[in-house]
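Q: I should like to learn how the packing of two helices is read from a model. Could we work through one case?

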Amino acid sequence: MGSIADAGAQFSRRELFIWLASILCASAFAQSMTHGGTTALSLESIGAFQILGWFAVLRLLYLQTSSAPPSRRDFWVAGVVGAIDLLPSGKATWIAATLAALYIYAGNEKGSNGRAGAAVLGALSVQSLWGPTLFSLFTVYLLRADAELVGVALKLTRGGFDWHENVISTQGFTVGIYNDCSSFHNISLAALCWISLTKLHRPTFIRSDFKFGAAACLAMIALNAARLYAISLGRESFAYWHDGAGAQIFAVTASFVIAAICAWGASIDGAKHE
């Protein structure tokens with residue numbers, strides 16, 4: 001019988017991590033298809049940024065130049081990650097991905113493609129699990145802020161609108177703002193796009209990258225706020241922008257704008273930000 005060391009001699013750590021990331025990727029997509037049902041207003045219904053993120057993870061791990069064999073600890077960690085991924089919970093895959101991202105990041109040198117891939121894997125975990133969990137802690141306050149922001153804009157530009165808590169109303173028409181419709185809901189998607197495109201271009205951030213990352217997040221908030229403004233105008237506007245073709249127009253437009261900002265930032269070269 002061969003030992004773990006004998007098995008490790010057959011392939012490198014890079015290949016082990018690629019296989020591990022591939023398994024997590026397959027699990028994530030299988031979970032997405034099994035537990036669908038996202039609203040048309042959510043960019044998650046397109047999945048373009050998640051696909052980009054997984055491509056970036058696998059591409060960056062593939063570009064890692066180290067050919068060192070995996071250690072016994074690498075195999076044990078891979079086994080633990082795989083076991084967690086098999087647990088019957090929607091969160092299990094992302095907990096496993098978080099553990100894998102932390103381990104791969106710690107096990108690679110600063111400025112390496114391996115660390116860059118781990119950073120994108122971590123961003124995928126934040127977008128799918130940790131971001132929504134954190135958002136849920138402040139949901140009440142964020143939804144109230146949304147209602148007040150949109151309510152003030154409507155009152156200044158149209159008149160006849162009022163708001164209370166997370167509800168905007170006018171002349172018998174009422175709109176409630178909930179989690180998936182919040183202006184802050186898709187910030188983690190913008191951050192995922194930013195990290196993915198930036199890390200694909202260079203493994204180490206430069207100073208300007210953080211400005212473009214912030215710009216992408218602010219643009220996402222502004223676009224979502226504009227959508228909330230539109231769906232609050234009346235029944236016909238709500239039907240178009242919430243359930244009709246307008247929902248898809250918004251999703252595609254927002255995706256394009258965020259991707260353009262992130263690609264612009266990634267294309268800039270400069271000194272490393274230490």
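A: Let us begin with one pair in this predicted model: helix H8 passes helix H11 in a right-handed crossing.

Q: Which residues of H8 and H11 make the contact?
A: On the side of H8, the contact is formed by Ala 190, Cys 193, Trp 194, Leu 197, Thr 198 and His 201. H11 contributes Ile 258, Ala 259, Cys 262, Ala 263 and Ala 266.

Q: How many residues of this contact are nonpolar, polar or charged?
A: The contact of H8 with H11 comprises 9 nonpolar and 2 polar residues, and no charged ones.

Q: What describes two packed helices?
A: The angle between their axes and the distance between the axes serve to describe such a pair. In the present case, H8 spans residues 187–201 and H11 spans residues 245–266. They pack at an angle of about 30°, and their axes lie 9 Å apart.

Q: Are H8 and H11 roughly parallel or roughly antiparallel to each other?
A: Angles under 35 degrees count as roughly parallel. H8 and H11 are therefore roughly parallel to each other.

Q: Where do the helices and strands come along the chain?
A: The chain contains 11 helices and 3 strands. Read from the N terminus, the order is α-α-α-α-α-α-α-β-β-β-α-α-α-α.

Q: What can be said of contacts between residues at least 6 apart in sequence?
A: Of these contacts in the chain, 76% join residues at least 24 apart.

Q: What are the figures for burial and for exposed area?
A: Of the 274 residues, 45% count as buried. The chain exposes about 14,100 Å², of which carbon and sulfur atoms supply 65%.

Note on methods
Residues are numbered from 1 along each chain as its sequence is written. This is a predicted model: local features need pLDDT of at least 70, side-chain atom pairs count only at pLDDT 80 or more; totals for chains, interfaces and linings use all residues. Side-chain values use heavy atoms; hydrogens and water are left out. Helices (H or I, at least four residues) and strands (E, at least two) are DSSP runs, numbered from the N terminus. Buried means under 20% relative accessible area, exposed over 50%, partly exposed in between (1.4 Å probe, protein chains only). Contact means heavy atoms within 4.5 Å. Accessible areas come from the Shrake-Rupley method with a 1.4 Å probe; for residues, only the protein chains shown count as cover. Axes are lines fitted to C-alpha atoms, for helices over the stretch in contact, and angles run from 0 to 180 degrees between N-to-C directions. Angles under 35 degrees count as roughly parallel, over 145 as roughly antiparallel, 65 to 115 as roughly perpendicular and the rest as oblique. A crossing is left-handed if the near helix is turned anticlockwise from the far one by less than a right angle, and right-handed if clockwise. Ala, Val, Leu, Ile, Met, Phe, Trp, Tyr, Cys and Pro count as nonpolar, Asp, Glu, Lys and Arg as charged, and the others, Gly among them, as polar.
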